[in-house]
Amino acid sequence: VGGKLLGTVQDVLLDDCCCHIVGFEISDGFISDLVSGRAVINQPDIVSQNQHVVVVEDILEKIWETHS
């Protein structure tokens with residue numbers, strides 16, 4: 001089992017009507033946020049989540065690398 005830290009969850013995106021989680025705003029650090037902005041991971045791309053970790057589809061790592 002592998003894995004790569006893509007960033008830190010900075011904000012939770014909620015559906016206005018039902019207050020369900022629709023995604024997470026991810027920070028890769030202060031400088032990266034200023035230069036590239038924060039990335040958003042949408043709920044359909046999330047494999048699992050708990051209080052400490054959000055696991056996403058492998059393909060997002062490649063997308064993340066082009067964003068950074």
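# A walk through the predicted chain

The side chain of E25 makes a polar contact of 3.2 Å with the side chain of R38. This pair is a convenient way into the structure, which is a predicted model. E25 lies in strand 2, and its C-alpha atom is separated by 6.4 Å from that of R38, although the two residues are 13 apart along the chain. Besides R38, the contacts of E25 beyond four places in sequence are T8, V9, Q10, D11 and A39. With a relative accessibility of 21%, E25 counts as partly exposed, because the limit for a buried residue is under 20%.

S27 is also in strand 2. Here the relative accessibility is 7%, so S27 counts as buried. The side chain of S27 is joined to that of D33 by a polar contact of 2.8 Å. Leaving out neighbours within four places, S27 is in contact with D33 and R38, and also with L6, G7, T8 and Q10. R38 therefore appears in the contact list of S27 as well as in that of E25, if the cut-off of 4.5 Å between heavy atoms is applied.

Strand 2 covers residues 21-27 and pairs with strand 3 in the antiparallel sense, over 4 bridges. Within this pairing, G23 stands opposite N42 of strand 3. Strand 3 itself spans residues 39-42 and has two unlike faces: A39 and I41 are on the covered one, V40 and N42 on the uncovered one. The general background is that side chains in a regular strand alternate between the two faces of the sheet.

I41, on the covered face of strand 3, also belongs to the largest nonpolar core. That core has 7 residues in all: L6, F24, I26, I41, I46, V56 and L60. In soluble globular proteins, nonpolar side chains tend to be buried together. V56 shows how one core member is placed: beyond four places in sequence, V56 touches L6, I41 and I46, as well as D45 and V47.

The loop between strand 1 and strand 2 holds C19. C19 is not a glycine, yet its phi is positive, at about 60°. Most residues other than glycine have a negative phi. C19 is exposed, because its relative accessible area of 55% is over the 50% limit.

For the chain as a whole, the elements are 2 helices and 5 strands, and they follow the pattern β-β-α-β-β-β-α along the sequence. The chain has 68 residues, of which 19% count as buried. Its accessible surface comes to about 5,100 Å², and carbon and sulfur atoms account for 55% of that area. Among contacts between residues at least 6 apart in sequence, 25% join residues at least 24 apart.

How confident is the predictor, and where is its confidence lowest? The mean pLDDT of the chain is 82, and 85% of the residues score at least 70. Among the elements, strand 1 (residues 8-14) has the highest mean, 91, and helix 2 (residues 59-67) the lowest, 66. Where pLDDT is low, the predicted coordinates should not be read in detail.

Methods. Residues numbered from 1 in each chain as written. Predicted model: local features only at pLDDT ≥ 70, side-chain atom pairs only at ≥ 80, totals over all residues. Heavy atoms only, no water. Core = buried A, V, L, I, M, F, W, Y, C linked by side-chain atoms within 4.5 Å. Buried < 20%, exposed > 50% of the residue type's maximum accessible area, 1.4 Å probe, protein only. Areas by Shrake-Rupley, 256 points an atom, 1.4 Å probe, with all protein chains shown as cover. pLDDT = per-residue confidence, 0-100. Pairing = 2+ DSSP bridges. Polar contact = N/O pair within 3.5 Å; in protein donor to acceptor, adjacent residues only side chain to side chain.
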